[in-house]
Amino acid sequence: MEQKVYIFDTTLRDGEQVPGCQLNTIEKIELAKSLELLKVDIIECGFPVSSPGDFQSVVEISKNVTEPVICALTRAVEKDIDAAADALHFARRKRIHTGIGTSDPHIKYKFNSNREEIIERAVNAVRYARKFVDDVEFYAEDAGRTENEYLARVVEAVIKAGTTVVNIPDTTGYCTPWEYGEKIRFLMENVPNIDKAILSTHCHNDLGMATANTLSGIMNGARQVEVTINGIGERAGNTSLEEVVMILRSRKDLPFYTDVDTKQIYKNSRLVSTLMRMPVQPNKAIVGRNAFAHSSGIHQDGVLKNKESYEIINPMDVGVNDSVIALTARSGRAALNHHYQRLGIELTPEELDHAYEKFLLLADTKKDVNDSDLLIIVGVNRNEAQRKIRLKFLQVICGKNSVPMATVKLNIDGEICQATASGNGPIDAAFTAVKKLINRKIIVEEFLVQAITRGCNDVGKVHVQVENRGHLYYGFSANTDIVTASVEAFVDAISKFI
Ligand code: KIV
Ligand code: ZN
């Protein structure tokens, strides 16, 4: 029989601790609601004693999000627990997550204490938290480096004091998967009252082993996993939600399931990336831009014959519209033919051979071979192909204490049109002006600006992904002026479907 693994999302707590990723209360509510739609079981949404802003966010999320358990973090300190209990007042289902460091370095250097005193403080914190809520989770910070025999004594004591979930964090991301799995197994086999609680994994990714450690924890008895969207979190991050959920879903040989609605995964990934201004690495498993992009000729041919040749996950299962057959110098005839068919052009084998030769010459010199290039190669609709939209003029006004405004002139089909718009920044203003000129519903799905080197005089590369009538189109540009690069990339994407 399959067993449920509870998904404890800590994007809003461990994830939000990352410098530069701080969210305001409105943004936190938006993300918490999106996590509710994703159907996570528990949302850890803050550390209320740490700041009035964090406290208020926990209050507002408690009022606005009703399905998942709402959890607040504390140290094993009464004033922290008081703050958490107050902040959780309005939550329909609430949990206090309290704990203390249990490894020798933590006991000695952080607390200047000893093992017995730490157990006493842990037990007192759990008992105190139980006065406010029935659902108390305990974390043994740095459990990854805590000796197993002592950890088992701590776990037994906090369960006796009333905790129902015990979190075993590999705080420093130091454990190997077998070591972490053995730790969980040791606790399952040596804590006499372990049947009264569930063990939770909480792994950090310092050595790139967070997902493997989490999986090893599940295989050895853990039934809750603490994860973040896109794996964001302290230093190298936390275990990523999408990886664990999709492993349990894809590997039918593993007898576990989660309640996560996987079709919401990509949407949540984009939301976290946008709100936290944290780009997702293109090759990130499950949610990276290239996660479902096939570029080598052999792979493309295989995928076009049958997706299962190289795809272990259906992109639609995680909310991605379709896989991408990228055209590069390594693409084969099958990929090229696929793109021509997509454009409604049927080529004979001879025509395809001829087009392929020309395509290879072009692909060697041009990174991004677009639809217009393909049309030019086969000489079809040459005029149509040249009917690109071009950015003729751009002027933005922005700066501190001024409303960002942009004026854009486009050459659309030989006609010059102009629009002006305001926005929450120069790029928003310029995109809005472009949208005014293009009479179609365009949704910006992805917007990524990257510096090529490190200097402030650098060239900015901009990738834009837009959605029009259910299809995704990519645009790219590079310029020392990132606003111009952004608008050019946007126009590049639009020109692919106009
Ligand atoms: O990594 C860690 O140990 C933590 C605890 C506070 C749960 O985030
Ligand atoms: Zn952590």
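In which loop does glycine 379 lie? Find helix H15 (371-378) and helix H16 (382-386) in this predicted model: glycine 379 sits in the loop between them. Its relative accessibility is 42%, and because buried means under 20% and exposed over 50%, glycine 379 counts as partly exposed. To get a feel for the distances here, pick out methionine 209 as well: its C-alpha atom and that of glycine 379 are separated by 51 Å, with the two positions 170 residues apart along the chain.

Next, let's turn to the metal site. The zinc ion (ligand 2) has three kinds of contact atom to look for: OD of Asp14, NE2 of His202 and NE2 of His204 are its protein donors, and they lie 2.0 to 2.1 Å from the ion. Along the sequence, these donor residues follow the spacing D-x187-H-x1-H. Are the two histidines buried or exposed? Both histidine 202 and histidine 204 are buried.

Now for the nonpolar interior. The largest nonpolar core has 91 residues, and the members that touch the most others are Leu12, Leu31, Ile43, Phe138, Val155, Val166 and Ile168. Domain 1 (3-275) and domain 2 (293-384) both contribute residues to this core, so it lies between them. A second, separate core holds 30 residues, among them Ala406, Cys417, Val462 and Val483.

Valine 155 is a good residue to zoom in on. If you set aside its neighbours within four places in sequence, valine 155 is in contact with Val166, Ile168, Leu187, Val191 and Ile194. Val166 and Ile168 may look familiar, as they are also listed with valine 155 among the core members that touch the most others.

Note on methods: Residues numbered from 1 in each chain as written. Chains lettered and ligands numbered in written order. Predicted model: local features only at pLDDT ≥ 70, side-chain atom pairs only at ≥ 80, totals over all residues. Heavy atoms only, no water. Core = buried A, V, L, I, M, F, W, Y, C linked by side-chain atoms within 4.5 Å. Buried < 20%, exposed > 50% of the residue type's maximum accessible area, 1.4 Å probe, protein only. Domains from an automatic or database assignment. Contact = heavy atoms within 4.5 Å. Helix = DSSP H or I, 4+ residues; strand = E, 2+ residues; numbered from the N terminus. Donors = N, O, S within 2.8 Å, 3.2 Å for Na, K, Ca; no water.
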